[in-house]
Amino acid sequence: MTKKAFIFDLDGVIVDTAKYHFLAWQKIAAELGIEFTPEHNEELKGVSRVRSLDIILALGNIKATPEDKEKWLTQKNADYLSYIENMDESEILPGVINVLQFIKEKQQFIALGSASKNARPILEKVKILHLFDAIVDGNDVTNAKPDPEVFLRAAQLVNAKNEDAIVFEDSVAGIQAANIANMISVGIGDDKILHEAKYNFKDFTFMDTSFIEALIN
Ligand code: BG6
Ligand code: MG
């Protein structure tokens, strides 16, 4: 039987880092006098660091020089890194380990498809780097989600066809990217926000192993 490629997004899917990205951006927005709410934040999920800053600046109608932008991007990442500095396994989201282990037992491919340039150190901190057959992150791609590049490359790395790939995502942009790539999109989170996903689960504790089993067969 052809092996399937299970491609996981990182932030908000494997680990609860979406809150740290939000906090770090909120700090920048506050300094710039821009109101930045959790609703605004949905638009930033899955989106690259550079693009995220552009979205925030547009919210406040702020025109910035490349030097200013560079300064804020550096500040955002420094704040973010301080939040994740002491991260450990306890920050893996509920149910994730069970699903990863089940996929491993069934000898299917596990890949990462993340926009983050901090993906590898985070997987190391939470001690699951060894479970991945392939990792594609923000350092490897030029086009951000909803462009499907990150998922296409992940599938290529494990030699899987797009239609044999399943993508777990918490962001609208990521679900769109998976759909564009002709992969099976699985939303993790609010099904109203992620309504474009083929399947949806509030979190991995709601996902029975029979769901994974059915995708494999
Ligand atoms: C995505 C997050 O996974 O990575 C975004 O959902 C984040 O919020 C993006 O901006 C880039 O992450 P980083 O770690 O490279 O700034
Ligand atoms: Mg995410």
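**Close-up views of ligand 1**

Ligand 1 lies between domain 1 (5-15 + 89-216) and domain 2 (18-84), because both give residues to the shell around the ligand. The model shown in every view is predicted.

**View 1. Ligand 1 sits in the largest pocket.** The shell around ligand 1 draws on domain 1 and on domain 2. Around ligand 1 there are 14 residues. Those that come nearest are Asp11, Arg49, Ser116, Lys117 and Asn118.

**View 2. Polar atoms of Arg49, Lys117 and Asn118 approach oxygen atoms of ligand 1.** For Arg49, a polar side-chain atom lies 2.7 Å from a ligand oxygen. Lys117 uses its backbone: a polar atom there is 2.7 Å from an oxygen atom of ligand 1. Asn118 uses its side chain, where an N or O atom is 2.7 Å from an oxygen atom of the ligand. On its own, ligand 1 has 390 Å² of accessible area, and the protein covers 97% of that area.

**View 3. The shell around ligand 1, sorted by residue class.** Three residues are nonpolar. Six are polar. Five are charged. Asp11, Arg49 and Lys117, among the nearest residues to ligand 1, count as charged.

**View 4. The protein chain is divided into two parts, domain 1 and domain 2.** Domain 1 takes in 5-15 + 89-216, and domain 2 takes in 18-84. Their centres, taken over C-alpha atoms, are separated by 24 Å. In the contact between them, domain 1 supplies 14 residues and domain 2 supplies 13 residues.

Terms used. Residues numbered from 1 in each chain as written. Chains lettered and ligands numbered in written order. Predicted model: local features only at pLDDT ≥ 70, side-chain atom pairs only at ≥ 80, totals over all residues. Heavy atoms only, no water. Near = heavy atom within 4 Å. Polar contact = N/O pair within 3.5 Å; in protein donor to acceptor, adjacent residues only side chain to side chain. Areas by Shrake-Rupley, 256 points an atom, 1.4 Å probe, with all protein chains shown as cover. 1 Å grid on protein atoms, 1.4 Å probe; cavity = no way out; pocket = protein on both sides within 12 Å on 5 of 7 lines; lining within 4 Å. Sits in = over half its atoms within 2 Å of the grid points. Domains from an automatic or database assignment. Contact = heavy atoms within 4.5 Å.
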